[in-house]
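Got the model open in your viewer? Let's take a walk through it, one selection at a time.

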Amino acid sequence: MCLTRYILLSALLTCLVSTANAESLPNKIAGKRTTYDIVKAGEGPAITKGARVTVHATGIVKQTGKKFWSTKDTNQPFKYKAGVGSVITGWDQGCMGMQLGEIRKLDIPADEGYGARGFPQWGIPPGGGLDFEIEVLEIEQVSEL
């Protein structure tokens, strides 16, 4: 009887740990090293190539843990055109598919961020990885003619 309880309890704990680990794995982007986690799901239309997007964003240097930029600090959202290279690759690809109101955390390796040169003016060292939290405030789909 005691052995049966032990086996059942072990099986239950293994199942719970496996489920928790599977849920905490970051999402991958095909062909990229940037990963993301959805903090808060959004709804409605998703970001597609060419869309004009307005976001709140906070960027942190992975190596130092220092915040180098935040639109929330100035309450001035950032606008960009998605999927056309107007922002760093990790951000551009990491935000594709986000929906209105969605919040994502992006883990961007240096080669999909500011690369070997870094961005010293912002405190991003050469080869610095980045963590971003992005919140989608507005998506304006642009139709190509």
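## Start in the core

Begin with the largest nonpolar core, a group of 24 residues in which I47, Y80, W91, F132 and I134 have the most contacts. Keep in mind as you go that this is a predicted model. Now colour the elements that feed the core: β4 (52-61), α3, β8 and β9 each bring at least two residues to it. The most generous of them is β9, which gives five. As background, nonpolar side chains in soluble globular proteins tend to be buried together.

Next, select W91 and show what surrounds it. Which residues beyond its neighbours within four places in sequence are in contact with W91? You should find V55, A57, W69, F78, Y80, L106, I108, F132 and I134.

## On to the rings

Show the aromatic side chains now. The model holds twelve aromatic pairs. Zoom in on W69 and W122, which are stacked, with 6.0 Å from centre to centre and 10° between the planes. Why does this pair tie together parts that are 53 residues apart in sequence? Because W69 sits in strand β5 (residues 67-70), while W122 belongs to the loop between β8 (103-108) and β9 (130-140). Turn on the surface and check how much of each shows: W69 is partly exposed at 22% relative accessibility, and W122 is partly exposed too, at 35%.

Go back to W91 and add F132. These two make an edge-to-face pair, 5.0 Å centre to centre with 70° between the planes. Here, too, distant parts of the chain are linked: W91 is in helix α3 (residues 89-95) and F132 is in strand β9, 41 residues apart. Are W91 and F132 buried or exposed? Both are buried.

Now select F68, W69, F78, Y80, W91, Y114, F119, W122 and F132 together, and you have one aromatic cluster. Before leaving the rings, take a look at Y36: the charged end of R104 sits over its ring, 3.9 Å from the centre.

## Last stop: the charges

Switch to the charged side chains. How many salt bridges are there? The count is eight.

Try R52 and E140 to begin with. They form a salt bridge whose closest N and O atoms are 3.7 Å apart. R52 is in strand β4 and E140 in strand β9, so the bridge ties together parts that lie 88 residues apart in sequence. Both ends can be found with the surface on: R52 is partly exposed at 43% relative accessibility, and E140 is partly exposed at 39%.

Then slide over to D131 and K62, another salt bridge, with 3.6 Å between the closest N and O atoms. D131 is in strand β9 and K62 in the loop between β4 and β5, 69 residues apart, which makes this another link between distant parts of the chain. D131 is partly exposed, with a relative accessible area of 30%, and K62 is partly exposed at 39%.

One more pair to select is E135 and K72, whose side chains meet in a salt bridge at 3.6 Å, N to O. E135 lies in strand β9 and K72 in helix α2 (residues 71-74), so parts 63 residues apart in sequence are tied together. K72 is partly exposed, at 42% relative accessibility.

To finish, keep K62 and D131 selected and add D107: salt bridges that share partners join K62, D107 and D131 into one network.

Technical notes:
Residues numbered from 1 in each chain as written. Predicted model: local features only at pLDDT ≥ 70, side-chain atom pairs only at ≥ 80, totals over all residues. Heavy atoms only, no water. Phe/Tyr/Trp six-rings, centres within 6.5 Å; stacked < 30°, edge-to-face > 60°. Helix = DSSP H or I, 4+ residues; strand = E, 2+ residues; numbered from the N terminus. Buried < 20%, exposed > 50% of the residue type's maximum accessible area, 1.4 Å probe, protein only. Lys NZ or Arg CZ within 6 Å of the ring centre and 35° of its normal. Core = buried A, V, L, I, M, F, W, Y, C linked by side-chain atoms within 4.5 Å. Contact = heavy atoms within 4.5 Å. Salt bridge = Lys/Arg side-chain N within 4 Å of Asp/Glu carboxyl O.
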